[in-house]
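Biologist: Could you take me through one part of this model up close? I'd like to start from a single residue and work outwards.

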Amino acid sequence: MSVESRYSMELQTVQCRIADLEGRLGEIRNSICMQTQEYEKLLNIKMKLESEIQQYRALLNQSQSTIQSGGGSSVSFGLVSGSKSGSGSVSQSGTGSSTSTT
């Protein structure tokens, strides 16, 4: 076997290996891209939920301070409507105000 034929065989082997690695690299990049999109989606949902929790805490604190100060009115909270996006409307009885969450 001549030097040229050995070199040619090794070159083909290396080129096949490179093509295989480039294919796997493409798959990994696609996977990372999909994971990043999913992470951003979950992070957005988390931030919306934290905001909604903060609003409910503020309403609860407001109602507790009203009750403790002897306001005497009853306060009830009820979820009027909701959807997958987390939007809903909360009404507060006794005060005539309503707060919409998005």
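Modeller: Serine 63 sits in helix 1, and keep in mind that this is a predicted model. Is serine 63 buried or exposed? Its relative accessibility is 5%, so serine 63 counts as buried, the cut-off for that being under 20%. Its side chain doesn't go unpaired, either: it reaches the backbone oxygen of leucine 60 at 2.8 Å. Serine 63 has company in being buried, since the buried residues of helix 1 are Glu52, Leu59 and Ser63.

Now zoom out to the helix itself. Helix 1 runs over residues 3-68. That makes 66 residues, and the distance from the first C-alpha to the last is 94 Å, close to the 98 Å you'd expect at 1.5 Å a residue. Past the end of the helix comes glycine 70, with a positive phi near 85°.

Go back along helix 1 and you meet a charged pair. Lysine 46 makes a salt bridge with glutamate 50, and their closest N and O atoms are 3.0 Å apart. Why does the spacing in sequence suit a look along the helix? The two are four residues apart in helix 1, so lysine 46 and glutamate 50 are separated by about one helical turn. As for cover, lysine 46 has a relative accessible area of 44%, which means it is partly exposed. Glutamate 50, at 41% relative accessibility, also counts as partly exposed. If you go looking for another such pair, note that a search of the whole structure turns up one salt bridge.

There's a nonpolar stretch of surface to look at too. Tyr39, Leu43 and Met47 make a nonpolar surface patch of about 320 Å². Tyrosine 39 belongs to helix 1. With a relative accessibility of 54%, tyrosine 39 counts as exposed, because the cut-off for exposed is over 50%.

Last, the cysteines. A disulfide is a covalent bond between the sulfur atoms of two cysteines. How many disulfides does a search of the whole structure find? Zero. For a pair to count, the two sulfur atoms would have to lie within 2.5 Å. Cysteine 16 has 56% relative accessibility and so counts as exposed, while cysteine 33, with a relative accessible area of 41%, is partly exposed.

So, back where we began: serine 63 is buried at 5% relative accessibility, with its side chain 2.8 Å from the backbone oxygen of leucine 60.

Terms used. Residues are numbered from 1 along each chain as its sequence is written. This is a predicted model: local features need pLDDT of at least 70, side-chain atom pairs count only at pLDDT 80 or more; totals for chains, interfaces and linings use all residues. Side-chain values use heavy atoms; hydrogens and water are left out. Buried means under 20% relative accessible area, exposed over 50%, partly exposed in between (1.4 Å probe, protein chains only). Patches are made of residues with over 30% relative accessible area and no salt bridge: like charges are joined within 9 Å, nonpolar side chains (Val, Leu, Ile, Met, Phe, Trp, Tyr) within 5 Å. Accessible areas come from the Shrake-Rupley method with a 1.4 Å probe; for residues, only the protein chains shown count as cover. A salt bridge is a side-chain nitrogen of Lys or Arg within 4 Å of a carboxyl oxygen of Asp or Glu. The expected span of a helix is 1.5 Å times one less than its number of residues. A polar contact is a pair of N or O atoms within 3.5 Å; within protein, one must be able to donate a hydrogen and the other to accept it, and residues adjacent in sequence count only if both atoms are side-chain atoms.
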